[in-house]
Amino acid sequence: TATSPSPHILQSCVGLGCKLIFERKVRMVLNRISDWLAQDMKCEETVEVEWLPTTVFGTHSCFVILFRRLCLDVRVDADEVRVTQTSENGEFKSVKFESDFELEYFLKKHMSIQLRKR
C-alpha cells in the first residue's frame with residue numbers, strides 16, 4: 001500500500017513540540033553552567049544570556065551568551081543547537097549539537113579557557 005505524505009500542519013506541530021522540549025533542556029544546561037561556574041570554579045562573574053524575541057509558535061529560538069570575552073550566538077531548532085562564534089581576529093566557527101550534553105561540554109570547555117586567561 002502506498003502511504004501519503006504527512007500533512008504540513010502535523011510536521012509543524014511535531015517540529016514545534018521538539019523545539020520546545022529541546023529549548024527546555026538548553027535552559028537547564030544554562031542553569032547548570034551558572035551553578036558550575038559559581039560552585040565548582042569559584043567564579044564570581046556571571047554568564048549573561050540574552051534571548052531574542054521570537055514568536056511562541058516559531059520554529060526556532062535564538063539567544064546570545066556572553067562571558068568575559070566569549071560571545072556565542074545560539075540557535076535552537078527542533079532537534080539541534082547551532083553555536084556560532086566570531087573571534088577577535090575574525091575567525092568564524094559554527095558547530096552543531098544534537099544533544100544538551102554536547103552543548104554543556106562545549107560551553108564548559110570554552111568558559112574554562114576564558115577563566116584561564118585572567
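In the predicted model, the lining of the second largest pocket comprises, by class, four nonpolar residues, five polar residues and one charged residue. This second largest pocket has a volume of about 160 Å³, and the residues that line it are Gln11, Ser12, Cys13, Gly15, Leu16, Phe57, Gly58, Thr59, Asp77 and Ala78.

The largest pocket, by comparison, encloses about 270 Å³ of space. Its lining is made up of 13 residues, and those lying nearest the centre of the pocket are Leu70, Gln85, Ser87, Gln114 and Lys117. Sorted by class, the lining of the largest pocket contains three nonpolar, five polar and five charged residues. At least two lining residues are supplied by each of E3, E4 and H2, and the largest share, three residues, comes from H2.

Turning to the charged side chains, the structure holds nine salt bridges. One of these is formed between aspartate 100 and arginine 32, whose closest N and O atoms are 4.0 Å apart. This pair links distant parts of the chain, since aspartate 100 belongs to helix H2 (residues 100–116) and arginine 32 to helix H1 (residues 8–40), with their positions 68 residues apart in the numbering. The two partners can also be described by their accessibility: aspartate 100 has a relative accessible area of 9% and is therefore buried, whereas arginine 32, at 29% relative accessibility, counts as partly exposed.

Within helix H2, lysine 108 forms a salt bridge with glutamate 104, and here the closest N and O atoms are 3.4 Å apart. Because the two residues are four residues apart in helix H2, lysine 108 and glutamate 104 are separated by about one helical turn. Lysine 108 is partly exposed, with a relative accessible area of 25%, while glutamate 104 counts as buried at 11% relative accessibility. Through salt bridges that share partners, Arg32, Asp100, Glu104 and Lys108 are joined into one network.

A further salt bridge connects glutamate 80 with lysine 96, the closest N and O atoms of the pair being 3.7 Å apart. This pair, too, links distant parts of the chain: glutamate 80 lies in the loop between strand E3 (70–76) and strand E4 (81–86), and lysine 96 lies in strand E5 (residues 92–97), 16 residues apart. Glutamate 80 has a relative accessibility of 18% and so counts as buried, given that the term applies under 20% relative accessible area, whereas lysine 96, with a relative accessible area of 39%, is partly exposed.

Terms used
Residues numbered from 1 in each chain as written. Predicted model: local features only at pLDDT ≥ 70, side-chain atom pairs only at ≥ 80, totals over all residues. Heavy atoms only, no water. Buried < 20%, exposed > 50% of the residue type's maximum accessible area, 1.4 Å probe, protein only. 1 Å grid on protein atoms, 1.4 Å probe; cavity = no way out; pocket = protein on both sides within 12 Å on 5 of 7 lines; lining within 4 Å. Points joined across faces, edges and corners; volume = space filled by probe spheres on them. Nonpolar A, V, L, I, M, F, W, Y, C, P; charged D, E, K, R; others polar.
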